[in-house]
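Got your viewer open and a selection tool at hand? Let's take a walk through this one, stop by stop.

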Amino acid sequence: MGQFILKNLLQRLALLVVVSVIAHAVVHIAPGEPSEVDPTNPRMKPEDVAKIRAAFHLDEPLHRQYVYWMRDLVSGDLRSFKDGQPVLPKIWRRFLNSLPLFIAATLLIWTLSFPAGIHAAIRRGSAFDRASTFVAYALISIPGFFFAYLLILSVVNAFSVPVVGMRTFGMEDAPLAFRAMDRLWHLTLPAMISAFSGVALLSRYVRSQMIEVISNDYVRTARAKGLEEETVIYRHALRNALLPFVTMFGLMLPGLIGGSVIIEQIFAWPGIGRLGYEAILARDFPLILTINFFAAALTLAGTFLSDVLYAVVDPRVRLGA
Amino acid sequence: MSTSVHATTELDAEREPAGRSSLGEFWLTFRKDRLALGGFVVLVALAAFALAGKGFTEWWILFDPASVRLSDRLLPPLSQVSAIVPADQRPAFDIYLLGTDELGRDVFARMLQGSFVSLSIGFVAVGIAMTIGVVLGGISGYYGEARFLGLNIDNLIMRFTDVMLCFPTFFLILTVVALLPPSIYNIMIVIGLTGWMATARFVRAEFLSLKEQDFVLAAKAMGLPERRIIFFHMLPNALAPVLVTATVSVATAILTESALSFLGFGVQPPDATWGNILSDGKNFIFDAPWLFFIPGSAILVVVLAFNLVGEGMRESLNPKLRRR
């Protein structure tokens, strides 16, 4: 087990290095440099452009630039091209903003999709099953920002609460209860919209998993013993159906960074996805690369976690065999 | 969906096992899934609409998506053209079927044009992704043990797939599209290049198991050339799941394009896609809601149709489910 984990970790570390090399190459080889963000500015003379390029090491060969980036990233004094601020604290602050969104969305996904999926599986072919199938596909198929606008319109019309941003301006001196309520309202819609497609996918998966388990012989045996249907479903079938979902937990980790650009943009949520978008607009290479690096690291950590968890939960899986 | 239908088809299948092609059998199962069948009908209609769009907006200009009529800005659907518009700029039948936008362009004409562009983005991107996936997966599965520069080819390709899976897809697409000069081809290519990994994995698995099967061994024993074995004997057997993935991926590609449009990196004007009509329309959501709701619902319906058809195909192709 220990050996397996060690080997696996080393493999993933190697993958991470390759990913960072490719990302670095893609970003640097693609046309468009930080010095060209404003090409129409008449005050930018060729000497100035050369000066900017030299200041950011953009005039050096690619592998040297990669080494500079890695050195600064590890030592922690990597600075943004745009404003000279250190990159890591910048990302950390935005990460703290994205975190509540991610947690709320994850909670919604896991609490909604299990009841829906199990219910649909038990009454396979019923009106509920068919309706939930259709709704699930509709939720996957709707363009995210179209849906977001519809929801914003209806919530603002129905409850007349502000929903854009993380909090309402001028609420800083309000009593704690009001501030908390305000934060909660602002969190609700973006969290719901981040959760929708997840709920749709996961509930479909729960349903098919449950259907497969229910048709097993041991479930029939449990029924034949005369156990109550509740016990059969929740004590016998559900436990085995739950196994693969342990792995889903790890696979959702990268959603922390990758999945939120659009939603954060719509809701003016100062999170990490939006930071990445702004960095792309400004051609802020260190920031783009570092965010991408962390996203890849999270993906690798997620798959690693799901592999290990699966082995821990399911005694049939043996690691390192 | 009643049991009697089930029974008769099963009886039919038993009575004449050779009489029904696998395609016919697929169709029998597929058409029982009403959602998937509905999606299929929508897709056929869409194909007709897109072809009509190509024809009527480019070759025989019945609907002109580009003509700007400043006197007819933001008119609701089904309104009449105003009297001062010159004859060569009037829409067909003098009626704006779906209203006009902020420049007085005919929304129906733009939707017609956009349907073809949106669909071709979906199909080209998915075509690229599936080709790469099938080629890499096939090589990895069939020639896996061969060595290239001293490294196992299977290992090499699969590790590369792992690397590609590490990238946050949408962020990567956004980065590349934002850095490259905006063009419809760049968008197609980038979406295609970031979407092949799952296909490569299951095509590899499929090839690995097909390689051991008797009919392939027999083909080898008969001395058939390798490319014949690969393309005529193995590939058709591995293609069913590829088709399913392709169908669902077209849906995803259309959504990705509309998301890119929302951020301002989509297909640039004057080319219309459903994504950029929707994203322009969001600025007029109160003054001209049709500019927002028409393309939004159109995308929803079409993407839903692709997803439902894909799911229906998956279920019909799955022999385990078919027997039930």
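We start with each chain as a whole, then go to the interface, the core and some single helices and residues. Bear in mind that you are looking at a predicted model.

**Stop 1: chain A**

Select chain A and show it as a cartoon. You should find 12 helices and 0 strands, so to speak a run of α-α-α-α-α-α-α-α-α-α-α-α from one end of the sequence to the other. Turn it along its principal axes and the C-alpha trace spans about 85 × 60 × 35 Å. Of its 321 residues, 32% count as buried. How far along the sequence do its contacts reach? Taking contacts between residues at least 6 apart in sequence, 72% join residues at least 24 apart.

**Stop 2: chain B**

Now switch to chain B. Here the secondary structure comes to 13 helices and 4 strands. The C-alpha atoms fill a box of roughly 80 × 60 × 35 Å along the principal axes. Buried residues account for 42% of the 324 residues in chain B. Among its contacts between residues at least 6 apart in sequence, 68% link residues at least 24 apart.

**Stop 3: where the chains meet**

Show both chains together. How many residues of each chain are in contact with the other? On chain A there are 36, and they are in contact with 30 residues of chain B. To see where the chain A side comes from, color helices H1 (2-29), H5 (127-141), H6 (144-159), H10 (261-266), H11 (272-281) and H12 (285-313) of chain A; each of them supplies at least two residues of that side. Then color the chain A side by residue class: 28 of its residues are nonpolar, 8 are polar and no charged ones turn up.

**Stop 4: the largest nonpolar core**

Next, go for the largest nonpolar core, which has 144 residues. Select A:Ile291, B:Leu174 and B:Val177, the residues with the most contacts inside this core. Which helix gives the core its largest share? That is helix H4 (residues 107-142) of chain B, with 17 residues.

Zoom in on B:Val177. Leave aside its neighbours within four places in sequence, and B:Val177 is in contact with B:Asn186, B:Ile187, B:Val190, B:Leu260 and B:Phe265.

While you're in chain B, pick B:Leu119, which sits in helix H4 of chain B. Is B:Leu119 buried or exposed? It is buried, with 24 other C-beta atoms within 10 Å. Try the distance tool from B:Leu119 to B:Arg31: the two are 88 residues apart in sequence and 24 Å apart in space, C-alpha to C-alpha.

**Stop 5: two helices out in the open**

Stay with chain B and select helix H9 (residues 214-221). None of its cover comes to much: of its 8 residues, the number buried is 0, so this helix lies largely in the open. After H9(B) comes B:Gly223, which has a positive phi near 80°.

Hop over to helix H3 (residues 62-75) of chain A. It has 14 residues, which at 1.5 Å a residue should span 20 Å, and its end C-alpha atoms are indeed 20 Å apart. H3(A) is hardly covered, as the count of buried residues among its 14 is 1. Just after H3(A), look for A:Gly76, with a positive phi of about 85°.

**Stop 6: a helix crossing**

Select helix H4 (residues 87-122) of chain A along with H11(A). Their axes come within 7 Å and cross at roughly 135°, and the two helices are therefore oblique to each other. Show side chains for A:Ile91, A:Arg94, A:Phe95 and A:Ser98 of H4(A), then for A:Ile272, A:Gly273 and A:Leu275 of H11(A), which make the contact. By class, that contact has 4 nonpolar, 2 polar and 1 charged residues.

**Stop 7: two loop residues**

Finish with a pair of residues in chain A. A:Ala268 is in the loop between H10 and H11. A:Ala268 is not a glycine, yet its phi is positive, about 50°. A:Ala268 is exposed, with 12 other C-beta atoms within 10 Å.

Then move to the loop between H11 and H12 of chain A and pick A:Arg283. A:Arg283 also has a positive phi, near 50°, in a residue other than glycine. Unlike A:Ala268, which is exposed, A:Arg283 is buried, with 21 other C-beta atoms within 10 Å.

Terms used
Residues are numbered from 1 along each chain as its sequence is written. Chains are lettered from A and ligands numbered from 1 in the order in which they are written. This is a predicted model: local features need pLDDT of at least 70, side-chain atom pairs count only at pLDDT 80 or more; totals for chains, interfaces and linings use all residues. Two residues are in contact if their C-beta atoms, placed from the backbone, lie within 7 Å. Ala, Val, Leu, Ile, Met, Phe, Trp, Tyr, Cys and Pro count as nonpolar, Asp, Glu, Lys and Arg as charged, and the others, Gly among them, as polar. A residue is buried if 20 or more other C-beta atoms lie within 10 Å of its own, exposed if 12 or fewer, and partly exposed in between; C-beta atoms are placed from the backbone. A nonpolar core is a set of buried Ala, Val, Leu, Ile, Met, Phe, Trp, Tyr and Cys residues joined through C-beta atoms within 7 Å. The expected span of a helix is 1.5 Å times one less than its number of residues. Axes are lines fitted to C-alpha atoms, for helices over the stretch in contact, and angles run from 0 to 180 degrees between N-to-C directions. Angles under 35 degrees count as roughly parallel, over 145 as roughly antiparallel, 65 to 115 as roughly perpendicular and the rest as oblique.
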